[in-house]
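Let's take a walk through this fold together, from the overall layout down to single residues. Have the viewer open and turn the model as you read.

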Amino acid sequence: MREGGKLLAAMLTARDATVTVCHSRTRDLVTHTSRAETLVAAAGRPGLITAAMVRSGAVVVDAGFAPGEVSEEAAAVARAASPVPGGVGPMTIAMLLAQTVDEAAVSVS
């Protein structure tokens, strides 16, 4: 698992979420993903998440390195899905910039 996935799992666990971490080679991936209320895809494989893998009414976040890890059909099953492009990427950049400014302010003082 990439570092970002480990950090996200730790942050969600710290907020009392029940977290299941899978990867693209997890056996019977559909069993795990179809139970999720919130599904974050970041495996780097376009089209990995299909409609059969998404619980009706779930929230799906396509945070992958490859665009379109969540198929359009899967996004349609979800209550809400992050847009691709323009979903998670701009938020990641904004947070990195905010942290850079915070660190610069600390090192100046």
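**Strands, core and loops**

Start at a single pairing: V59 has A80 as its bridge partner in β3. That bridge belongs to the pairing of β2 with strand β3 (residues 80-81), which is parallel and rests on two bridges. On to the other neighbour of β2: strand β1 (residues 38-41) also runs parallel to β2, and four bridges join them. Two of the facing positions are easy to find, since L39 stands opposite V60 in β2, and V40 stands opposite V61.

Put these pairings together and you get an open sheet of three strands in the order β1-β2-β3, paired in parallel. The edge strands are β1 and β3, each of which pairs on one side only. As background, strands of a sheet pair through backbone hydrogen bonds, either parallel or antiparallel.

How do you get from β2 to β3? The connection goes by way of helix α3 (residues 72-77), and the three elements make a right-handed β-α-β unit.

Now step back for the whole picture. This is a predicted model, with a mean pLDDT of 87 for the protein and 95% of the residues scoring at least 70. Confidence is highest in helix α2 (residues 29-33), at a mean of 95, and lowest in helix α4 (residues 88-108), at 82. There are four helices and three strands in the protein, and reading along the sequence gives the pattern α-α-β-β-α-β-α. The C-alpha atoms fill a box of roughly 55 × 30 × 25 Å along the principal axes.

A few totals help to set the scene. Of the 109 residues in the protein, 19% are buried. The accessible surface comes to about 7700 Å², and carbon and sulfur atoms account for 59% of it. Among contacts with a separation of 6 or more, 16% are between residues 24 or more positions apart.

Back to the sheet, this time looking at the side chains. In a regular strand the side chains alternate between the two faces of the sheet. You can follow this along β1: L39 and A41 point to one face and are buried, while T38 and V40 point to the other and are not. Strand β2 (residues 59-62) alternates too, with V60 and D62 pointing to one face and buried, and V59 and V61 pointing to the other and not buried. Notice that an aspartate, D62, is listed with V60 on the buried face.

Which residues touch the most other members of the largest nonpolar core? They are L39, I49, V54, V60, V70 and A74, out of 13 residues in that core. In soluble globular proteins, nonpolar side chains tend to be buried together. L39 is a good place to zoom in: leaving aside neighbours within four places in sequence, L39 is in contact with T33, I49, M53, V54, V59, V60 and V61. Of those contacts, V60 is also the residue that stands opposite L39 in β2.

The loops deserve a look as well. P46 sits in the loop between β1 and β2. Is P46 buried or exposed? Its relative accessible area is 59%, over the 50% cut-off, so P46 counts as exposed. Even so exposed, P46 is in contact with A66, P67, G68 and E69, leaving aside neighbours within four places in sequence. The C-alpha atoms of P46 and V70 are separated by 7.1 Å, with their positions 24 residues apart along the chain.

Earlier in the sequence, the loop between α1 (3-14) and α2 holds D16, and D28 lies in the loop between α1 and α2 as well. Both have a positive phi without being glycine: D16 is near 70°, and D28 is near 50°. D16 counts as exposed because its relative accessibility is 72%.

Finish in helix α4, where you'll find Q99. Q99 has a relative accessible area of 45%, so it is partly exposed. From Q99 to L29 the C-alpha distance is 35 Å, and the two are 70 residues apart in sequence.

Definitions and conventions. Residues are numbered from 1 along each chain as its sequence is written. This is a predicted model: local features need pLDDT of at least 70, side-chain atom pairs count only at pLDDT 80 or more; totals for chains, interfaces and linings use all residues. Side-chain values use heavy atoms; hydrogens and water are left out. A nonpolar core is a set of buried Ala, Val, Leu, Ile, Met, Phe, Trp, Tyr and Cys residues joined through side-chain atoms within 4.5 Å. Buried means under 20% relative accessible area, exposed over 50%, partly exposed in between (1.4 Å probe, protein chains only). Contact means heavy atoms within 4.5 Å. Two strands pair if DSSP finds at least two bridges between them. A crossover is right-handed if, with the strands pointing away from the viewer, the path from the first strand over the helix to the second runs clockwise. pLDDT is the predictor's confidence in each residue, from 0 to 100. Accessible areas come from the Shrake-Rupley method with a 1.4 Å probe; for residues, only the protein chains shown count as cover.
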